[in-house]
Amino acid sequence: MENGKGIKQAMKENQRCARELLAFIEKSPSSFHVVENIREALSNQGFEELLETQEWQIQPGGNYYVIRNGSSIIALQIPENTGWKGFHITASHSDSPSFRVKEEPEICVEGHYVKLNTERYGGMILSTWMDRALSVAGRVAFWDEEKGEVSTRLVNIDRDLFVIPSVAIHLNRDINKGVEYNPQKDMLPLFAEGGSDGGKGLLRKELARAAQVKEEEILGQDIFLYVREKGKILGAKEEFVLSPRLDDLQCVYASLRAFLESRPKNYINLCVVFDNEEVGSGTKQGADSTFLEDTLFRAAKGLGLGREGLLSMIAGSFFISADNAHGVHPNHPELSDPTSRPYLNGGIVIKYHGGQKYATDAVSAAKMKHICSQAKVPWQTYANRSDILGGSTLGNLSEAHVSLSCVDIGLPQLAMHSAVETAGVRDTEYAVKALKQFWQE
């Protein structure tokens, strides 16, 4: 009977965690909103913001965060006792594949339709974006007279605004035999009926209203389409999660929750969320930037550690790169590796790659397996089929700037880079437990 009660309680926890994940995703339609939601959660827990433009005043026992570009964030927890052994770091990413809206985007079609000019951001499954209610979110930039500088403001036009319509099967009888979509021709979203002005400035009006600024004040924009569909739990036993942006907000949410529920002892804890992973991370706010390196250097300096002390701490550190992984597909199990076969709800996935696209090695894998064992969390392994190229992630790029022991992990999912993806209900809670074990040592 007790065992049955325990199982029931665990199911409730899994469900609660999954629903909180879906609420977080719904509030995070762009990478800028992801970071703002993280900032708000940290501030509510008493974390203090550090500005890159100012000298850092930090001390043992302090909790801090620093934001770069409004779309990447690093949070730090410093133990009260000194004599730290190193850093315990996780990294995930705030961005997901989408369509970026171009400048002056309205295109008039034969005086009857207005569509938006967009371009791909990341490698999405194009067809999955068709025939869905869409909107836009991101940020606008304007000259702030009061501050005497450029300021930004988040925008989310929170209503069904666009659709990318498919071509009817009657007009393309071969559509179910496979179609190669042209992003400039096939994937532009319908916005409005046409008018005498061709719809020029129509989106700017919407953005200005959402940002509560005048149209003429907007001097720049980073605006992306997003899917309006809300995430949901499904399956015969409610064991699956269906949602946009599971890659990588599932890991972002799990990392943040574990971080806020942990207290450091002998290591300085860092929760890192980078932007631009989906386009290679080669930006000032990406994993292939100096953001992590700069933050570690400045934190060490503020704590009175010299370069020698910092390098010693880095050598004793551990880095968990958390970015979702491919689960075995129910209709195409042959696409997975013969022996490394992760399944939804099977636990944390440890990722390996002979070409070092994943940074996992024997030592870092052993550390991760030990963490999972201590947390009583199941783990699985992933490797690409040897004849299929995989993607890259955060670990090896970050290691090029800060040399420390690193493992690449993820949570198993299906349809990665679809407009709507599928994952397991239990896996988010598994990640929270494992990362709490990691941060609480």
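In the predicted model, Trp-129 is buried, its relative accessible area being 4%, and Phe-99 is likewise buried, with a relative accessible area of 1%. A search of the whole structure returns eight aromatic pairs. Phe-99 and Trp-129 form one such pair, edge-to-face, with 5.4 Å between the ring centres and 85° between the planes. This pair links distant parts of the chain, given that Phe-99 belongs to strand S5 (residues 98–109) whereas Trp-129 sits in the loop between strand S6 (113–121) and strand S7 (134–144), 30 residues apart.

A second pair is made by Phe-259 and Trp-439, whose ring centres are 5.1 Å apart and whose planes meet at 75°, so that this pair too is edge-to-face. Because Phe-259 lies in helix H4 and Trp-439 in helix H9, the pair ties together parts that are 180 residues apart in sequence. Both rings belong to buried residues: Phe-259 has a relative accessibility of 0%, and Trp-439 a relative accessible area of 0%. Ring pairs further join Phe-259 and Trp-439 with Phe-47, Phe-318 and Phe-438 into a cluster.

Helix H4, which carries Phe-259, is largely enclosed by the rest of the structure, because 15 of its 15 residues are buried. Its length is regular in the sense that, at 1.5 Å a residue, its 15 residues should span 21 Å, and the end C-alpha atoms are found 20 Å apart, which agrees. Within this part of the chain, the peptide bond that runs from Asp-247 to Asp-248 is cis, with omega near 15°, and Asp-248 is itself a residue of helix H4. Most peptide bonds, by contrast, are trans.

Helix H4 also takes part in enclosing an internal space. The count of cavities of 30 Å³ or more comes to one, and the largest cavity holds about 50 Å³ of space. Its lining is made up of Cys-251, Ala-254, Ser-255, Ala-322, Ile-409, Gly-410, Leu-411, Ala-431 and Leu-435. At least two of these lining residues come from each of helix H4 (246–260), strand S18 (405–410) and helix H9 (425–439), and H4 supplies the largest share, namely three residues. In chemical character the lining divides into seven nonpolar residues and two polar ones, with no charged residue. Helices H4 and H9 thus recur in this description, since each contributes to the cavity lining and the two are joined by the pair of Phe-259 and Trp-439.

Helix H2 (residues 31–44) offers a second case in which length and expectation agree: its 14 residues should span 20 Å at 1.5 Å a residue, and its end C-alpha atoms are 20 Å apart. The buried residues of H2 are Ser-31, Phe-32, His-33, Val-34, Val-35, Asn-37, Ile-38 and Leu-42. Just after this helix, Gly-46 adopts a positive phi of about 85°.

Positive phi values also occur outside glycine, although most residues other than glycine have a negative phi. Gln-212, which is not a glycine, has a positive phi of about 60°, and its place is in the loop between helix H3 (202–211) and strand S10 (218–227). With a relative accessibility of 69%, which lies over the 50% cut-off, Gln-212 counts as exposed. Ala-415 likewise has a positive phi, near 60°, and is placed in the loop between strand S19 (412–414) and strand S20 (421–424). Its relative accessibility of 36% means that Ala-415 counts as partly exposed.

A further tryptophan, Trp-84, is found in the loop between strand S3 (72–77) and strand S4 (86–93). Despite this loop position, Trp-84 is buried, with a relative accessible area of 12%. Its C-alpha atom is separated by 5.4 Å from that of Tyr-267, a residue 183 places away along the chain. When neighbours within four places in sequence are left aside, Trp-84 is in contact with Pro-60, Ile-78, Pro-79, Asn-266, Ile-268, Leu-303, Leu-305 and Met-313.

How values were computed
Residues are numbered from 1 along each chain as its sequence is written. This is a predicted model: local features need pLDDT of at least 70, side-chain atom pairs count only at pLDDT 80 or more; totals for chains, interfaces and linings use all residues. Side-chain values use heavy atoms; hydrogens and water are left out. On a 1 Å grid over the protein atoms alone, a cavity is a set of points where a 1.4 Å probe fits but cannot get out, and a pocket is an open set with protein on both sides within 12 Å along at least five of seven lines; lining residues have an atom within 4 Å of a point. Grid points are joined across faces, edges and corners, and a volume is the space filled by probe spheres set on the points. Helices (H or I, at least four residues) and strands (E, at least two) are DSSP runs, numbered from the N terminus. Ala, Val, Leu, Ile, Met, Phe, Trp, Tyr, Cys and Pro count as nonpolar, Asp, Glu, Lys and Arg as charged, and the others, Gly among them, as polar. Rings of Phe, Tyr and Trp (its six-membered ring) pair if their centres lie within 6.5 Å; planes under 30 degrees apart count as stacked, over 60 as edge-to-face and the rest as tilted. Buried means under 20% relative accessible area, exposed over 50%, partly exposed in between (1.4 Å probe, protein chains only). The expected span of a helix is 1.5 Å times one less than its number of residues. Contact means heavy atoms within 4.5 Å.
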